[in-house]
Amino acid sequence: MSTELDLRSLLGTTSLPLREARMLMAHVLDKHYQLPRSALLSRDDMSLNNKALEEWKILESKRLQGEPIAYLIGKRGFHNIELQVAPGVLIPRSETELLVEIGLREIRRIEKEVVTPKVLDLGTGSGAIALAVAHEAPKAILTATDQSSEALAIARTNAKHLSLDSRVEFLQGGWYEALVEKALFHVILSNPPYIASQDPHLLQGDLRFEPISALTDHGSGLSCLETIIAGAMRHLKPMGLIALEHGYDQSETVVSLMKTAGFSDIQTHQDLAGHHRVVTGRK
Ligand SMILES: C[S@@+](CC[C@H](N)C(=O)[O-])C[C@H]1O[C@@H](n2cnc3c(N)ncnc32)[C@H](O)[C@@H]1O
């Protein structure tokens, strides 16, 4: 029997966009009833018990105040894996899958000659890049660094859940400082904080809730890219590849930083929306 607390009524009367309301309700159904997402349709006349209803109301209200869905449900799909996320880490973006694809292409290329490709992910956050690469490239060994202990705790949990913890080592420290002096890699990947501190986007949407140190360098947006490029030659094997994600208007500057640092075969790469988002260079 239908009551005003059944799923159909709750989803029909919420002020949230239906797609978002369904994501949050699917989370409630999974957590309180272990029901799959399809129950949104097949069981739409079911009433929520008090606990589930209370949770729905809290999630609905938090989302109406702008909190990111990924933090509310505690997870986000990225490339071919699912990651746990919490307010201590950046929510992985689909744009960053381009960096993963570039890394995987290079790993497949060198796998003809190299038994164990060694890959470094600088500023790993939730572990997104390192874990997505490890998931697709079973011979690769990954090192992932971050200065944030909160982020590394989440990244380590993700590695364990994905059974990738034996192939991904997490180290805490500023960029290359976390590594031993002589560590060398075939591939360096990074999606560093590149938003300028004055960029109004920092005050909009999901970004308001994400860790500020994951988003901006508190300056022009270029300083982390500069540091990473300047240190890369010391940690790349001969012919090694660096691939860096950057802001849509930073491609020319990143290319010129790579030229100055002595990289060859410098290439720019566009995301699906046609924006230049990644620059690669070779030692
Ligand atoms: C844009 S987020 C990227 C997170 C993740 N790689 C991704 O793509 O979803 C940048 C990450 O760099 C880390 N970070 C910022 N400054 C750093 C530094 N000086 N050394 C190491 N990591 C740093 C932040 O903690 C954050 O996790």
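# Notebook: helix crossing, cores, salt bridges

I began with the helix pair α6 and α7, which cross in a right-handed sense. This is a predicted model, so I keep that in mind throughout. The two axes come within 10 Å, and I get a crossing angle of roughly 40°. That falls outside the under-35-degree range for roughly parallel, and α6 and α7 are therefore oblique to each other. Next I looked up who makes the contact. From α6 I noted Leu99, Val100, Leu104, Ile107 and Arg108, and from α7 Ile129, Ala132, Val133 and Glu136.

**Cores**

Val100 and Val133 turned up again when I went to the nonpolar cores. The largest one has 32 residues, and both are among those with the most contacts inside it, along with Leu131, Leu142, Val168, Phe170 and Leu189. I then checked which elements feed this core. At least two residues each come from β2, α6, α7, β4, α8, β5, β6 and β7. Helix α7 gives the largest share, with seven residues.

I picked Phe170 for a closer look. Leaving out residues up to four places away in sequence, I find Phe170 touching Thr124, Gly127, Leu131, Ala144, Leu152, Ala155, Arg156 and Ala159. There is also a second, separate core of 30 residues, and I jotted down Tyr176, Tyr194, Ile195 and Leu244 as members.

**Salt bridges**

How many salt bridges does a search of the whole structure find? I got 11.

One of them joins Asp44 to Arg8, with the closest N and O atoms 2.9 Å apart. Asp44 sits in the loop between α3 and α4, while Arg8 is in helix α1, so to speak a distant link of 36 residues along the chain. Is Arg8 buried or exposed? Neither label fits: Arg8 has 48% relative accessibility and counts as partly exposed, because exposed needs over 50%.

Arg282 and Glu106 make another, with 2.9 Å from N to O. Arg282 lies in strand β9 and Glu106 in helix α6, so this pair ties together parts that are 176 residues apart in sequence. I checked burial here too, and both Arg282 and Glu106 are buried.

Then I looked at Arg277 and Asp271, whose side chains meet at 3.9 Å, N to O. The 4 Å limit still admits that pair as a salt bridge. Arg277 and Asp271 are both buried. I followed this pair outward and found a network of salt bridges that links Arg277 and Asp271 with Glu95 and Glu245.

Technical notes. Residues numbered from 1 in each chain as written. Predicted model: local features only at pLDDT ≥ 70, side-chain atom pairs only at ≥ 80, totals over all residues. Heavy atoms only, no water. Helix = DSSP H or I, 4+ residues; strand = E, 2+ residues; numbered from the N terminus. Buried < 20%, exposed > 50% of the residue type's maximum accessible area, 1.4 Å probe, protein only. Core = buried A, V, L, I, M, F, W, Y, C linked by side-chain atoms within 4.5 Å. Contact = heavy atoms within 4.5 Å. Axes fitted to C-alpha atoms, helices over the stretch in contact; angles between N-to-C directions. Parallel < 35°, antiparallel > 145°, perpendicular 65-115°, else oblique. Left-handed = near helix turned anticlockwise from the far one by under 90°.
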